[in-house]
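What follows is a walk through one protein model, taking its loops, its charged pairs and its surface in turn. The sequence and the structure come before the discussion.

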Amino acid sequence: MTRTRIPSPQGSPPAAQDSAPALSHGLKQRHLSMIALGGVIGAGLFVGSGVGIASAGPAIVLLFVGTGALVTLIMRMLGEMSAARPSTGSFSVHAEEELGTWAGNTSGWMYWLMLCAGVAAEATAAGAIMHNWLPFLPAYGWVAIFMALFCGSNLTAVKNFGEFEFWFSAIKVTVIVAFLVLGVLAIFGVFGSAPGTHQLFDHGGFFPTGAAGLAAGLLTTISGFAGLETVTIAAAESDHPSRNVARAVRTAVWRIAVFYIGSMAVVVTLVPWNDPKVATDGPYVTVLDRLGIPAAGTIMQVVVLIALLSAMNANIYGSSRMAYSLVNRGQGPRFLGRVTRGVPAAAVVASCAFGFAAVIAGIIWPTTVFAWLLNIAGCSVLVVWTIVCLTQLKMRRRLEREDPERLMVRMWAFPYLTYVALAAVLGVFAVMAASSDGRHQLVGTALVVGAIIAADRVKQRRTRRTAESVRS
């Protein structure tokens with residue numbers, strides 16, 4: 001695989017990934033589009049969003065609008081950088097080149113941790129569903145089967161992963177579109193009397209839980225979009241990386257925004273936000289039951305299982321590629337850089353092993369180790385977004401000076417919207433700091449980030465000492 005590298009800024013170490021073993025180019029544009037959807041449309045939309053509705057009420061729609069706008073800006077920045085410099089490490093490589101190894105290390109390993117924790121959470125939920133249907137095997141047995149299945153699929157040619165994700169995501173998108181169509185018809189009275197605005201304002205108003213509810217709902221909406229960045233990682237293994245990532249970024253964000261915002265608008269218009277079933281059974285099941293759709297619960301359980309497996313598959317892929325990139329830049333154990341038939345096999349196995357170990361931790365220490373891991377993972381995406389904003393500010397200015405032809409995708413209203421996005425992410429940190437649960441997440445995340453930066457400092461000192469001893 002041939003990569004063209006933008007020269008690193010003076011004083012910043014060059015990314016070493018260009019000399020890494022070659023990965024295959026098996027992904028097509030249709031794969032990238034569906035990978036962007038598959039990594040982010042998981043059980044969080046079909047079930048978890050009910051928790052956000054229960055927290056914020058009908059105002060959850062505004063939270064998704066605001067969060068969707070922020071994610072759009074982040075993805076535009078990622079699209080600009082990845083189209084100019086396609087790389088398996090995506091934002092981690094760009095951060096290392098522009099800000100230094102501490103930034104590449106921090107963003108890369110925090111993202112890896114987030115994806116691996118996501119694999120564990122998704123596998124646990126999928127195992128529970130299968131155990132309910134087929135109880136002859138314990139839930140962790142189903143987890144082991146799913147882990148083996150997707151570890152195996154990710155160890156084969158990358159196009160097989162792409163095909164898995166394409167069809168998984170196609171099913172989810174079909175279900176969401178059908179739900180939106182049924183919901184809009186119900187709003188206009190096709191399934192009975194039109195609901196009007198009663199459900200939006202008759203149960204405590206549009207902001208029934210006030211600022212505290214909005215803060216709690218905000219964290220739910222943020223976590224719902226985590227994983228969308230995987231498409232910029234996958235672009236490096238497509239046939240035309242720069243062109244494909246530009247197209248995928250342009251289309252994926254608005255599609256997801258429509259699915260999330262549209263779904264939430266339909267739900268809070270058709271059912272009371274404080275209906276207990278919204279949080280327990282999920283908003284989709286609650287609405288379909290209200291419309292009299294036969295076997296709505298069973299249908300949605302199947303869809304949720306597919307969503308979980310799809311997100312699990314995408315997260316194994318993203319985490320393995322990020323680990324591969326970090327290792328081949330000298331930021332991790334060398335054995336993880338081993339490539340077999342164009343696939344980073346060692347990184348795939350290591351990511352799956354970490355995910356399965358996290359599942360076991362969830363069984364043995366559900367309220368301590370596993371809860372701590374999920375809390376840090378939930379905050380990791382904010383760390384990544386902060387570094388993305390800082391990286392794009394510097395990389396854009398350098399590209400404009402040195403190689404403006406590479407700017408196939410441009411951030412809108414640069415640098416003003418970049419500063420707006422950065423301020424929004426920092427604002428989310430401030431909101432988290434105002435609650436006890438949020439503070440616990442921040443403290444745990446700060447400890448991990450501090451450990452990564454400290455390890456980077458130690459490594460850099462050793463490297464300098466080795467270089468000095470060789471010169472002397």
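Ala 413 is partly exposed, with a relative accessible area of 47%. The model is a predicted one, and Ala 413 sits in the loop that runs between α16 and α17. Its backbone is worth a look: phi of Ala 413 is near 45 degrees, a positive value in a residue that is not glycine. Further along, Phe 414 and Pro 415 are joined by a cis peptide bond, with omega about 0 degrees. Pro 415 belongs to the loop between α16 (369-402) and α17 (416-433). As background, most residues other than glycine have a negative phi, and most peptide bonds are trans.

A positive phi also appears at Ser 90, where the angle is about 45 degrees although the residue is not a glycine. Ser 90 is placed in the loop between α3 (60-84) and α4 (91-99). Ser 90 counts as buried because its relative accessibility is 0%, and the cut-off for buried is under 20%. Ala 413, by contrast, is partly exposed at 47%.

Another loop residue to examine is Gln 331, in the loop between α14 (296-327) and α15. The relative accessible area of Gln 331 is 8%, so this residue is buried. Its side chain makes a polar contact of 2.8 Å with the side chain of Asn 105.

The charged pairs come next. Side chains of opposite charge can pair when their charged atoms come close. Searching the whole structure gives nine salt bridges. One of them is between Arg 396 and Glu 80, with the closest N and O atoms 2.7 Å apart. This pair links distant parts of the chain, since Arg 396 is in helix α16 and Glu 80 is in helix α3, 316 residues apart. How buried or exposed are the two partners, Arg 396 and Glu 80? Arg 396 is buried, with a relative accessible area of 6%, and Glu 80 is buried too, with 1%.

Arg 396 has a further partner in Glu 400, and their side chains meet in a salt bridge of 2.8 Å from N to O. Glu 400 and Arg 396 are four residues apart in helix α16, so about one helical turn separates them. Glu 400 is partly exposed, at a relative accessible area of 36%. Glu 80, Arg 396 and Glu 400 are thus linked in a network of salt bridges.

A separate salt bridge joins the side chains of Arg 290 and Asp 275, at 3.4 Å from N to O. Here too the pair links distant parts of the chain: Arg 290 is in helix α13 (residues 283-290), Asp 275 is in the loop between α11 (241-270) and α12 (276-280), and their positions lie 15 residues apart in numbering terms. Arg 290 is partly exposed at 45% relative accessible area, whereas Asp 275 counts as buried at 17%.

The surface carries two patches to note. Tyr 140, Ile 360, Ile 363, Ile 364, Trp 365 and Val 369 form a nonpolar patch with about 580 Å² of accessible area together. Its largest share, three residues, comes from helix α15 (residues 345-364). Ile 364 is placed in helix α15 and counts as partly exposed at 49% relative accessibility.

The other patch is one of positive charge, where Arg 457, Arg 461, Arg 462, Arg 464 and Arg 465 gather on the surface. Arg 464 lies in helix α18 (residues 436-471), and its relative accessibility of 48% makes it partly exposed.

Note on methods. Residues are numbered from 1 along each chain as its sequence is written. This is a predicted model: local features need pLDDT of at least 70, side-chain atom pairs count only at pLDDT 80 or more; totals for chains, interfaces and linings use all residues. Side-chain values use heavy atoms; hydrogens and water are left out. Patches are made of residues with over 30% relative accessible area and no salt bridge: like charges are joined within 9 Å, nonpolar side chains (Val, Leu, Ile, Met, Phe, Trp, Tyr) within 5 Å. Accessible areas come from the Shrake-Rupley method with a 1.4 Å probe; for residues, only the protein chains shown count as cover. A salt bridge is a side-chain nitrogen of Lys or Arg within 4 Å of a carboxyl oxygen of Asp or Glu. Lys and Arg count as positive and Asp and Glu as negative; His and the chain ends are not counted. The place of a charge is taken as NZ of Lys, CZ of Arg, CG of Asp or CD of Glu. Helices (H or I, at least four residues) and strands (E, at least two) are DSSP runs, numbered from the N terminus. Buried means under 20% relative accessible area, exposed over 50%, partly exposed in between (1.4 Å probe, protein chains only). A polar contact is a pair of N or O atoms within 3.5 Å; within protein, one must be able to donate a hydrogen and the other to accept it, and residues adjacent in sequence count only if both atoms are side-chain atoms.
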